[in-house]
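Have the viewer open and the side chains switched on? Let's walk through this one together, starting from a single charged residue and working inwards.

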Amino acid sequence: MRLRTFLAAGFLALGATAALAGASSSQLEAYQPDPALRTAPKSDLEARVRRACTVVQARLQNTAETSLERPCGCYAKATLRALDASEIEAYRATGYFNDSARAKALGAIDSCKLQRPV
């Protein structure tokens with residue numbers, strides 16, 4: 001229930017751009033991604049991941065989003081660097097990380113000292 005609440009809040013705040021490492025793919029099947037994801041440059045993808053991170057982490061840690069700019073920037077960069085081309089394409093198509101990308105994103109959450117959203 002807690003995870004669903006955070007997911008819903010993240011999706012509403014980001015207007016269909018959340019990329020959450022802790023989300024289960026089965027919970028997101030009805031989600032409709034922003035069509036702009038398909039052609040967005042990688043820098044835009046990184047910005048979307050960073051923004052999703054700050055929204056979710058601010059709620060998890062009960063802190064201001066501005067205090068999370070550096071660790072969420074770390075997370076976004078590390079995650080997108082770790083993804084292969086097929087994982088990035090899957091993110092572009094669905095708007096969320098597939099299982100293999102999620103594992104890499106969880107590693108980035110840990111290395112950037114953020115709280116896991118599960």
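Arg-102 counts as buried, at 9% relative accessibility. Its salt-bridge partner is Asp-99, and the closest N and O atoms of the two sit 2.6 Å apart. Asp-99 is a different story as far as solvent goes: with a relative accessible area of 55%, Asp-99 is exposed, because the cut-off for that label is over 50%. Both residues belong to helix H5, three residues apart, which is about one turn of the helix. Keep in mind while you look that this is a predicted model.

How many salt bridges are there by this rule? The count comes to seven, and two others are worth a stop here. Take Glu-87 and Lys-104, whose closest N and O atoms are 2.8 Å apart. This pair links distant parts of the chain, with Glu-87 in helix H4 (residues 85-94), Lys-104 in helix H5 (residues 99-111), and their positions 17 residues apart. Is Glu-87 buried or exposed? Glu-87 is buried, at 3% relative accessibility, since anything under 20% gets that label. Lys-104, on the other hand, is partly exposed, with a relative accessible area of 31%.

Stay on Glu-87 for a moment. Besides the salt bridge with Lys-104, the side chain of Glu-87 is joined to that of Ser-100 by a polar contact of 2.7 Å. If you set aside neighbours within four places in sequence, the contacts of Glu-87 are Ala-82, Asn-98, Ser-100, Ala-101 and Lys-104.

The other salt bridge to pull up is the one between Arg-116 and Asp-110, with 2.6 Å between the closest N and O atoms. Here both ends are partly exposed: Arg-116 has a relative accessible area of 39%, and Asp-110 has a relative accessible area of 39% as well.

Now hide the charges and look at the nonpolar side. In soluble globular proteins, nonpolar side chains tend to be buried together. In this model, the largest nonpolar core has 22 residues, and those with the most contacts inside it are Leu-45, Val-49, Tyr-75, Leu-83, Tyr-91, Phe-97 and Leu-114. Which elements give two or more residues to this core? They are helix H2 (42-61), helix H3 (69-82), H4 and H5. H5 gives the most, with five residues.

Leu-114 is a good place to see what one of these core residues touches. Not counting residues up to four places away in sequence, Leu-114 is in contact with Cys-53, Gln-57, Gln-61, Leu-68, Pro-71, Cys-72, Tyr-75 and Ile-109. Tyr-75 in that list is also one of the core residues with the most contacts.

Two more of those well-connected core residues, Tyr-91 and Phe-97, bring us to the aromatics. The structure holds one aromatic pair. The rings of Tyr-91 and Phe-97 have their centres 5.4 Å apart and their planes at 45°, so the pair is tilted. That label follows because planes under 30 degrees apart would count as stacked and planes over 60 as edge-to-face. Both partners are buried: Tyr-91 has a relative accessible area of 1%, and Phe-97 comes in at 0% relative accessibility.

Terms used:
Residues numbered from 1 in each chain as written. Predicted model: local features only at pLDDT ≥ 70, side-chain atom pairs only at ≥ 80, totals over all residues. Heavy atoms only, no water. Phe/Tyr/Trp six-rings, centres within 6.5 Å; stacked < 30°, edge-to-face > 60°. Buried < 20%, exposed > 50% of the residue type's maximum accessible area, 1.4 Å probe, protein only. Salt bridge = Lys/Arg side-chain N within 4 Å of Asp/Glu carboxyl O. Helix = DSSP H or I, 4+ residues; strand = E, 2+ residues; numbered from the N terminus. Core = buried A, V, L, I, M, F, W, Y, C linked by side-chain atoms within 4.5 Å. Contact = heavy atoms within 4.5 Å. Polar contact = N/O pair within 3.5 Å; in protein donor to acceptor, adjacent residues only side chain to side chain.
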